[in-house]
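Visitor: I have a model open and would like to learn how to read its features one by one. Could you take me through it?

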Amino acid sequence: MAAQNLRTPGPTPLPPGVREALARQMINHRGPEFANVLRECLDGLRWAFQTRHDIVILTTSGTGGLESLVANTLSPGQRLLVASMGYFGERMGKIARAFGVDVVQVDFEPGQAVDPQVVCDRLAQEPAIETVFVTHNETSTGVLNPLAEIARAVRQVRPEALLLVDGISSIGSVPVEPEAWGCDVVVAGSQKGWMIPPGLAFVAISPRAWERQARAQLPKFYFDWRQARRAAEDGGTPWTPALSLFFGLQAALQLMRAEGLEQLFARHQRLAQFTREGLADLDLRLLADPRFASPTVTTAYAPAGVDTKALLRALEERHSVVLAGGQGRLEGQLVRIGHMGWVDREDVAAALRSLQLELNSMRMSSMVSDRVA
């Protein structure tokens, strides 16, 4: 069977070197060999995050990283402004409410970015808000938020506020400057641009966020950042780490360093533009506002009358091309193509050719059915 052309917005394909690293024999996770692996991974993550902030690595999914964000920075009844423009912004609101946080949610239409002025206005109306959350890159809609502008707006109205960022599908593929922009906590997930399997979350934490963490009163144990930082200082993790994923991360970071950040970011931009143009050539209407189109995932509406689930199934069964559908209220309406991590132009071109064949086939079948009717 031919290898899949996996074009979902996560998990992403694994380079050969990463697959080899994942197959390494186990080592003592309390010994000096793992301490060296951990140290190299943390150094590489700071390079990719473009930050000098502390970074902790948690054995969990991206959602676990977001839960750690809530547990370590907020207290029961504390007010949190969630600026949401899609499925994953909504998820953050659900996580925070589950912990008893008072969530003030500002929603933006699918395909649109968060408007910094709306954030400014809401903060001005709600003086009790001390914490703001935003998703940098929303994979459900293919929108990249103007994070620097949003951060600037938060600082203008509420300089002391903590800015929390879901960078799960952007960090490692898109430029972010936590210190320069004023982002206090940024969370990333391993199965995106990092080119390794799901199971690790990376959290960059500013000094101001550490001060808040010392006062936060929500329960935490497994996701306690203090314990993770303390253990890392001694060359380990507080709990048993996913060793194979650390080996994979070590190899992936070496590949990323060899390519270079500027080249890596530029490649993602080129692939995003190529994908958008290819979908437009197929007469598919793009969802995202072109001013804020994501460099890591592109979304388009399926043509009227096309069964999206049947289309995705045909692509996988006949072409070994795996795309994603819509999420939440967009379920059944969208086709989503991921182009982050270990991917090149031919991977995307092959997916677009297969999509064209299946759409043409469905259109022909529809025309025949209409004639028969």
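Guide: Gladly, and let us begin with burial: a residue is called buried when its relative accessible area is under 20%. Keep in mind that this is a predicted model. In helix α2, the buried residues are F34, A35, V37, L38, C41, L42, G44, L45, A48 and F49.

Visitor: What relative accessibility does C41 have, and how does it count?

Guide: C41 has 0% relative accessibility, so it counts as buried.

Visitor: How does the length of helix α2 compare with what its 18 residues should span?

Guide: The idea is to take a rise of 1.5 Å a residue. Helix α2 covers residues 32-49 and should span 26 Å; its end C-alpha atoms are 26 Å apart, which agrees. Just after α2 comes Q50, with a positive phi of about 55°.

Visitor: Since we met a cysteine, how many disulfides does the whole structure have?

Guide: A disulfide is a covalent bond between the sulfur atoms of two cysteines. The search of the whole structure finds 0 of them. Take C120: the closest cysteine sulfur belongs to C183 and is 15 Å away, too far for a bond, given that a disulfide needs the sulfurs within 2.5 Å. C120 is also buried, at a relative accessible area of 9%.

Visitor: Let us turn to strands. Which residues of β11 lie on one side and which on the other?

Guide: In a regular strand the side chains alternate between the two faces of the sheet. In β11, V297, T299 and Y301 are on one side, T298 and A300 are on the other, and all are buried, so both faces are covered. With 5 of its 5 residues buried, strand β11 (residues 297-301) is largely enclosed by the rest of the structure.

Visitor: In what order do the strands of its sheet run?

Guide: The sheet is open, has 3 strands and follows the order β11-β14-β13, with antiparallel pairing. The edge strands are β11 and β13 (324-325), each pairing on one side only.

Visitor: How many bridges join β11 to β14, and how many join β13 to β14?

Guide: β11 pairs with β14 (residues 334-338) over 5 bridges, while β13 and β14 are joined by 2. To find the register, look for facing residues: V297 stands opposite G338 in β14, and A324 has R336 of β14 as its bridge partner.

Visitor: Which helix lies across β11 and β14?

Guide: That is helix α11 (residues 261-281), which runs at about 15° to β11.

Visitor: Could we follow a single residue in another helix? What does E358 touch?

Guide: E358 lies in helix α13 (residues 345-372). Leaving aside residues up to four places away in sequence, E358 touches L311, A314, L315, R318 and H319. With 5% relative accessibility, E358 counts as buried. For a sense of scale, E358 and V185 are 173 residues apart in sequence and 43 Å apart in space, C-alpha to C-alpha.

Visitor: And the whole protein: how many helices and strands does it have?

Guide: There are 13 helices and 14 strands. The radius of gyration is 21 Å, close to the 21 Å that the globule rule gives for 373 residues, so the protein is as compact as a globular protein of that length. Its C-alpha atoms fill a box of roughly 70 × 55 × 35 Å along the principal axes. Buried residues make up 60% of the 373. Of the contacts between residues at least 6 apart in sequence, 74% join residues at least 24 apart.

Technical notes. Residues numbered from 1 in each chain as written. Predicted model: local features only at pLDDT ≥ 70, side-chain atom pairs only at ≥ 80, totals over all residues. Heavy atoms only, no water. Buried < 20%, exposed > 50% of the residue type's maximum accessible area, 1.4 Å probe, protein only. Helix = DSSP H or I, 4+ residues; strand = E, 2+ residues; numbered from the N terminus. Expected span 1.5 Å × (residues − 1). Pairing = 2+ DSSP bridges. Contact = heavy atoms within 4.5 Å. Axes fitted to C-alpha atoms, helices over the stretch in contact; angles between N-to-C directions. Rg over C-alpha atoms; globule rule 2.2 N^0.38 Å.
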